[in-house]
Structures are given as structure tokens and as C-alpha cells.
Amino acid sequence: MSISRGGSTALDLAPLLDASNNSDNSDTEAKSNGALLNASSSHSHRDKERERDREREEADSAVFVKKVGSAVFYGISSFMITVVNKTVLTSYAFPSFLFLSLGQLTASIVVLGAGKRLKLVNYPPLQRNTFAKIFPLPLIFGFNMIFGLGGTKALSLPMFAALRRFSILMTMLLELKILGVRPTTAVQISVYAMIGGALIAASDDLSFMQGYTYVMITNALTASNGVYVKKKLDTSEIGKYGLMFYNSLFMFLPALLINYFTGDLQKALDFPSWNDPAFVLQFLLSCVMGFILSYSTIVCTQFNSALTTTIVGCLKNICVTYLGMFIGGDYVFSWLNCIGINISVMASLLYTYVTFRRKQAPDKQSHLPSSRGESV
């Protein structure tokens, strides 16, 4: 405050105006800094979101590659072992499918045992409760392989592939009873058509009743195998390599005893073509392919819903059906048999289409089988 020359008093507002201006500037600066902080925080949040989305996409892409790769791997392995087994058992007339199954068990034990020693694979050591942890999978695994090989030897590949489709019906019934999963009408129609075509094809020639029996036992074991493989992978700490190794290890001695008491061991050792390098190569390839198929089946079951494995199996069997008319030399053409097989094939395509459309809800199908026996 100051006194004017005329004696009157007047307020000096300059300091107040300066203070007000300073206050306004401070508020403006604070708001500006807050806006900058908010903008920076918003940008940081968006960057984190983008980073998370990118990581999620990369993870999804990696999972997709594993799913597709394991399915293709399973399909090729399944197809190849079917052809090789048929060549050994029929084209070379090898007398014992039981001895061939023993060779496949041995190959799995040797390969996985060596792999663990070289630290290429890892699984828990054998313990007293190991058998109890994976039971009844060794029995299902071993007999599935034995009866599958028996059916391969006794039947032509087209009939073998047609009758193997009964495993889908058995799985459908098993799912309904145990898991409470009711198939759609379209799935039921396609499955019944597959079975009907197989029955028509089989009705023309009932001279292979032993082979039919082997295949039907294999179908039942296949349905059980899919359920228990998925269950043990989800609940057991043994892992896929442990399941493969101990399944083969626990079934080796029973398979050896069966070979000995049935006389198949001696018949196999007396087989004259052991001096033929081509036969020996095919036999060893069959043994190694047994291990490869076992691995591809478990990996496909692990990375996919078993629905995908079932679809791959159906598509593979279609190729086997038609190629089998020229491989093995034991397919006898008849119109009734040919019509039945083609009905079963068309129904398989329908089944593949219907189940592929339902793949949006794969969790319901997580216990469908991926079969070792289906492919041998």
C-alpha cells in the first residue's frame, strides 16, 4: 500500500496480480505435468498390452505348429508301419506275428534306454510302485499290439482297415457310458454307416474268422488305450517317455513267454529268409517303426484332442484301404466286398467332416482314442 501525493490512499494490486499469475501458472504446469504423466502411463499400458498380445500370438503359433506337426507325424508313422508290417507278414510270409511284436517291444526298450543314458530323453527310474501307477496300460498296450499284428497278418489291408472302424463305435459307446458324452445325430449316422459297410464287406467272406476276432479284440483295446493314455499323461508324473519305456518293459517277459509256449519263437528262428538282407531290413524297420508309432501316438494325444487323432486315423485308413488292394497280394475282389468297403470309406469321409466341424469344442472329445493297435 502507498500514499498518493493528493493525500488519498490507494491499494497497490501489483503484488496480488503477480501472486495470482504465479498461482495460475503453477496450476497450469501441474495440469500439464499430470496430463503428460497420464499420457505416458497410457502409452506404457498400451505397449505392455501389445507385448502381451505378441507373446500370446507367438505362443499360439508355436502350439499350432506342434498340433499340426504331431498329427502329420502320427499319420505318416501309422501308414508306414501298416505297409511294412503287411510286407513282412504276408509278402515274405513271416510265420510269427508274436515274434514281430516281441521285436517291436525290444526296439522301444533299447532306443529309450540308450536315449536316457545319452541324456536325450528323461523319465523316472523304476520303482516298486511304477507298475501300479501305469496299470492297466501295459496290458492294454501289449495285447493291442499283438492282436493288431495278428489281424494284419490274417486279413487283407482293405478288410483290416474297414473292420478297424469298429473301434470308433466302441469309443462312442465308452464315452457315453463313462464320460456322459452323447454324440450328435450326424456322428451316429456316419459311424453306423461305417459299421454297416464293414459288415457288408465281411459278409462276402467269413473264412477269416480268426482275423476278424483279432481285429475286434484290437478295437476294444484301442478304445481303452485312448482313455488310459490320456488319463496317465494327465495324472502321472512318469511322462510320455516313461509310459513308452515301462509299457514295453513290463510286457517284454509275458510276450517272450507267449512266444516260447506257442512255439512261435522256434518257428521265427527257423525262418529261412534271415539270410536275405532285404527281409532283415524290412524286419528291423518294422521293429523301429513300432517305437516311432508309439511315440507319435502319445505325442499326438498330448498336443491334440484325441478327436484330431481319430480324424487322422480315418484319413490314413482310407489310403490303406485302396493301396492295400495292391500290397500283400491277398485281396480277393468281389462286388459285394468292394461295395461294402466303399460305403465304409464314404462314411469315414462324412465322419471326418462332421467331427472336424465340431472341433470348436474339443474338450468334450479329449478322451477319444489314439490307437497303437489301429495302425499295426
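Here are some short exercises on this predicted model, each with a worked solution.

**Exercise 1. Get your bearings: how many helices and strands does the protein have, and what share of its residues count as buried?**

Step 1: start with secondary structure. You'll find 13 helices and two strands.

Step 2: turn to burial. There are 376 residues in the protein, and 46% of them count as buried.

Step 3: look at the surface. About 19,200 Å² is exposed, with 64% of that coming from carbon and sulfur atoms.

Step 4: check the contacts. Take those with a separation of 6 or more; residues 24 or more positions apart make up 87% of them.

**Exercise 2. Work out which residues of α7 are buried, and where they sit around the helix axis.**

Step 1: pin down the helix. α7 runs over residues 185-203, so count 19 residues; at 1.5 Å a residue you'd expect 27 Å, and the distance from first C-alpha to last is close to that, at 27 Å.

Step 2: list the buried residues. For α7 they are Val 187, Ser 190, Val 191, Met 194, Ile 195, Gly 197, Ala 198, Ala 201 and Ala 202.

Step 3: place them. Because they cover an arc of only 155° around the axis, they end up on the same side of α7.

Step 4: flip to the face turned away from that buried side. Thr 185 and Ile 189 are the exposed residues there.

**Exercise 3. Compare the record with the model: where does UniProt place the feature "transmembrane region"?**

Step 1: read the record. The unreviewed UniProt entry puts this feature at residues 96-118, 130-149, 186-203, 209-229, 241-261, 281-300, 307-327 and 333-354.

Step 2: try residues 281-300. That span is 100% helix and 0% strand, and its end C-alpha atoms are 27 Å apart.

Step 3: try residues 333-354. Here you get 91% helix and 0% strand, with 31 Å between the end C-alpha atoms.

**Exercise 4. Is Ser 348 buried or exposed, and which residues does Ser 348 contact beyond its neighbours within four places in sequence?**

Step 1: locate the residue. Ser 348 belongs to helix α13, residues 335-357.

Step 2: apply the cut-off. Buried means under 20% relative accessible area, and Ser 348 has 0%, so Ser 348 is buried.

Step 3: skip the neighbours within four places in sequence. Ser 348 then contacts Arg 165, Met 194 and Ile 318. Met 194 should ring a bell: Met 194 is one of the buried residues of α7.

**Exercise 5. Find how many disulfides there are, then check Cys 300 and Cys 338 for burial.**

Step 1: search the whole structure. The disulfide count is zero.

Step 2: check accessibility. Cys 300 counts as buried at 0% relative accessibility, and Cys 338 counts as buried at 15%.

How values were computed: Residues numbered from 1 in each chain as written. Predicted model: local features only at pLDDT ≥ 70, side-chain atom pairs only at ≥ 80, totals over all residues. Heavy atoms only, no water. Helix = DSSP H or I, 4+ residues; strand = E, 2+ residues; numbered from the N terminus. Buried < 20%, exposed > 50% of the residue type's maximum accessible area, 1.4 Å probe, protein only. Contact = heavy atoms within 4.5 Å. Areas by Shrake-Rupley, 256 points an atom, 1.4 Å probe, with all protein chains shown as cover. Arc of directions from axis to C-beta. UniProt positions renumbered as here; feature names shortened; annotations may be inferred. Disulfide = S-S within 2.5 Å.
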